[in-house]
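This report looks at how aromatic rings and strands are arranged in one structure, which is shown below. Please keep the sequence and the model at hand while reading.

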Amino acid sequence: GFDDWKEFRAFALKLTDLETPPQPVRHMELTANEGNPFVPSNVKEVTVALHDVKQNVWEGELSVSYADEIGTTAQRELSADEEVAEASFALPSPSSPCSVIQLDARLGPQQETYYSALFPVSSVPVRCTTYTESEYLVYEADNGMIRISAAADYYPALRSLAVQGKEWLASGFPEYGIRSWWNPWIGGLTDQIDDLSPTSVRKEEHSASFVSVTDDKGNVWSGIRIRQSIQQHEVYKGTILDSYYLLLPGAPVLAFMTDIRQSTGAYLEKTALSEMFLRFDELRSSSEHCEPAASGKSGDAGWLRTFAPDGKVLRYAIGKDELNVRESKDYGFGFDGRAGVMQIVTDETVNRPSLYTNKDICCLSFSRNVRLPHGNAFQSAPVFFVFSDALLPTEGLEAVRRLSFPPILESNDIEGAQTE
């Protein structure tokens, strides 16, 4: 266990002893919708292409369709005489919130399967509203699938993340209580620099606004920016930390990233830490009011799926005994006996994940190194939280992992949010 938040912070920021060997590079590459995993509502069909980077001549058969869906299957027979090293197909645009393209390739003696997940984007814009709850001004964004909210005056963090009505975050809002060894207990999805305790963070100036941000594929995301203007802390005075929580219309994906600008007058070499507190216990108990699972158990046990450095699948129970997870590859969270999972998609070499859990807490952390001269800015690689009924093939989420965002400007703020 840990005696205080500093001990936990030291654990979360500690470099792992596990060495991740380089992943084998597959010379065959599947590209769907020109590498954009999000499909606009006005697109009627998508192009699926398989390419051999080594330009080997193919002979055999290709078959492509949406996995686990009854519908169109496209096939193609290939002969060596054609001297083909790539092929493309047209499929109808995805109809479900998350559809996985599956391409089966039987080329010579080899048989391989390739995946690519696609998410249709709705024509209905993300709804941004403000309202007052427990005397705090709350900013809320809702894309029809995911609803997020934050109350910056309470704490500069995301305080709610509900997917189709099911809450994923544990939050202390609107109180500052005690849970496990957290005092004060904040919860939610937080963002801070190392050495800043929640008590220190609360002393600083915070604000929230609605923003619109375009990624490198042209997808326009909307959501909440929470700003921490640090003026009281002796070391970090002059630092602005912006946390972005972004949605696309109708897509079951939340994008999260951090922007840091420092004017401290000194070189800043620290670690930025994000902490996400999962609501495993309340979710499990709420399921007791529903129909029992087929196993006859009244509660649904929470779990984490990840991978060992050698590729072995690992599964850990969360919310039971104390557990520190140091593996960092392709985290997926879910519950036995019910549908609905959350997968973490990011560049784990720069956003290093880890997990601590006990009977009271489940804390997912991301640590990243920040090295900034005075007057410079840092923007983290994005973290994508992908929600679906069941775990998606990790390979199929590679297009999401490759998405990036250009530097964000103040002009990205949205005007005219609704007030309730």
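The structure, which is a predicted model, holds 17 aromatic pairs. One of them is formed by Trp168 and Phe335, whose rings are tilted, with 6.0 Å from centre to centre and 55° between the planes. Trp168 lies in the loop between strand S13 (166-167) and strand S14 (177-179), whereas Phe335 belongs to strand S25 (residues 329-335), so this pair ties together parts that are 167 residues apart in sequence. Trp168 has a relative accessibility of 5%, and because buried means under 20%, this residue counts as buried. Phe335, at 6% relative accessibility, counts as buried too.

In another pair, Tyr245 and Phe256 have ring centres 5.2 Å apart and planes at 15°, so these two rings are stacked. Tyr245 is found in strand S19 (residues 239-247) and Phe256 in strand S20, so the pair ties together parts that are eleven residues apart in sequence. Tyr245 is buried, with a relative accessible area of 0%, and Phe256 is also buried, with a relative accessible area of 1%.

Rings can also be linked into a group: ring pairs join Phe38, Phe119, Trp221, Phe384 and Phe405 into a cluster.

Phe384 leads to strand S30, where the surroundings of a whole strand can be followed. Six of the six residues of strand S30 (residues 383-388) are buried, so this strand is largely enclosed by the rest of the structure. Val383, Phe385 and Phe387 point one way from S30, while Phe384, Val386 and Ser388 point the other way, and all of them are buried.

Which strands pair with S30? Strand S20 (residues 253-262) runs antiparallel to S30 and is joined to it by four bridges, and strand S26 (residues 341-345) also pairs with S30 in the antiparallel sense, over five bridges. Within S30, Phe384 is the bridge partner of Ala255, and Val386 is the bridge partner of Gln343.

Finally, aromatic rings also meet charged side chains in this model, and the table lists two cases in which the charged end of an arginine sits over a ring.

| Charged residue | Ring | Distance from charged end to ring centre |
|---|---|---|
| Arg159 | Phe173 | 4.5 Å |
| Arg202 | Tyr176 | 3.6 Å |

Notes. Residues are numbered from 1 along each chain as its sequence is written. This is a predicted model: local features need pLDDT of at least 70, side-chain atom pairs count only at pLDDT 80 or more; totals for chains, interfaces and linings use all residues. Side-chain values use heavy atoms; hydrogens and water are left out. Buried means under 20% relative accessible area, exposed over 50%, partly exposed in between (1.4 Å probe, protein chains only). Helices (H or I, at least four residues) and strands (E, at least two) are DSSP runs, numbered from the N terminus. Two strands pair if DSSP finds at least two bridges between them. Rings of Phe, Tyr and Trp (its six-membered ring) pair if their centres lie within 6.5 Å; planes under 30 degrees apart count as stacked, over 60 as edge-to-face and the rest as tilted. A charge sits over a ring if NZ of Lys or CZ of Arg is within 6 Å of the ring centre and within 35 degrees of the ring normal.
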